[in-house]
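I opened a new page for this protein. I wanted to go from the whole chain down to single residues.

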Amino acid sequence: MPQPDTFLAVCGNTHLYPGARCRLQGLPDPQSFADRPRPVDVLLRFSDSVTTDAELRTDGPAGAVLAVPAYTTGAGTRIDGRTWLVRGFVRTGDEVELTIGGIGPG
């Protein structure tokens with residue numbers, strides 16, 4: 001179960017890739033977050049119901065990145081840990097949609 005300062009992000013696929021989208025839920029002020037993202041802990045839930053902890057970082061030289069540790073999909077495919085650039089934040093109702101860019105630094 002997510003911790004109080006951890007927010008659920010529902011992803012539309014079993015893994016991330018450039019152009020993938022995840023919907024960050026439960027933010028107290030989605031518009032403010034979309035306008036000025038801040039670092040938060042994230043629980044990613046993929047389309048196969050696999051979950052993994054991740055970290056949204058916003059204070060590095062590359063801008064916003066999503067750091068995702070290695071995990072295994074529901075079909076048994078091992079996905080290496082990776083840091084992804086986040087190229088966009090858009091409020092959609094009471095959620096904020098993150099659009100994944102390319103692979104980020106470290």
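What percentage of the 106 residues of the protein count as buried? I looked this up and found 41%. I note that the model is a predicted one.

**Entry 1: the fold**

I counted the elements next and got one helix and nine strands. Along the sequence I wrote down the order β-β-α-β-β-β-β-β-β-β.

**Entry 2: the overall dimensions**

I compared the radius of gyration with the value for a compact globule. For 106 residues that value would be near 13 Å, and the protein has 13 Å, so the two agree. I also took the box filled by the C-alpha atoms, which along the principal axes is roughly 40 × 30 × 25 Å.

I then looked at contacts between residues with a separation of 6 or more. Of these, 42% join residues 24 or more positions apart.

**Entry 3: surface and charges**

I noted an accessible surface of about 5,700 Å² for the protein. Carbon and sulfur atoms hold 47% of that surface. For the charges, I found 10 positive and 12 negative ones, and their mean positions lie 5 Å apart.

**Entry 4: the core**

How many residues does the largest nonpolar core have? I found 27. Among those with the most contacts inside this core are Leu-16, Leu-24, Val-42, Leu-44 and Leu-56. Leu-66 and Phe-89 belong to that group as well. I checked which elements supply at least two residues each to this core, and the helix α1 (30-35) is one of them. The strands that do so include β1 (6-11), β2 (21-24), β3 (40-45) and β4 (51-60). I added β5 (63-68), β8 (82-92) and β9 (95-103) to that entry.

**Entry 5: Leu-56**

I picked Leu-56 from the core group and located it in strand β4. Its relative accessible area is 1%, and because buried means under 20%, Leu-56 is buried. Leaving out residues up to four places away in sequence, I listed what Leu-56 touches: Phe-33, Arg-38, Pro-39, Val-40, Val-42, Val-65, Leu-66, Val-86, Phe-89 and Leu-98. I also took one distance: the C-alpha atoms of Leu-56 and Val-68 are separated by 8.9 Å, with the two residues twelve apart along the chain.

**Entry 6: Thr-6**

Is Thr-6 buried or exposed? I read a relative accessibility of 14%, so Thr-6 counts as buried. Thr-6 is in strand β1. Beyond its neighbours up to four places away in sequence, Thr-6 touches Asp-41, Val-42 and Leu-43. I stopped there for the day.

Note on methods: Residues numbered from 1 in each chain as written. Predicted model: local features only at pLDDT ≥ 70, side-chain atom pairs only at ≥ 80, totals over all residues. Heavy atoms only, no water. Helix = DSSP H or I, 4+ residues; strand = E, 2+ residues; numbered from the N terminus. Rg over C-alpha atoms; globule rule 2.2 N^0.38 Å. Buried < 20%, exposed > 50% of the residue type's maximum accessible area, 1.4 Å probe, protein only. Contact = heavy atoms within 4.5 Å. Areas by Shrake-Rupley, 256 points an atom, 1.4 Å probe, with all protein chains shown as cover. Lys, Arg positive; Asp, Glu negative; His and termini not counted. Charge placed at Lys NZ, Arg CZ, Asp CG, Glu CD. Core = buried A, V, L, I, M, F, W, Y, C linked by side-chain atoms within 4.5 Å.
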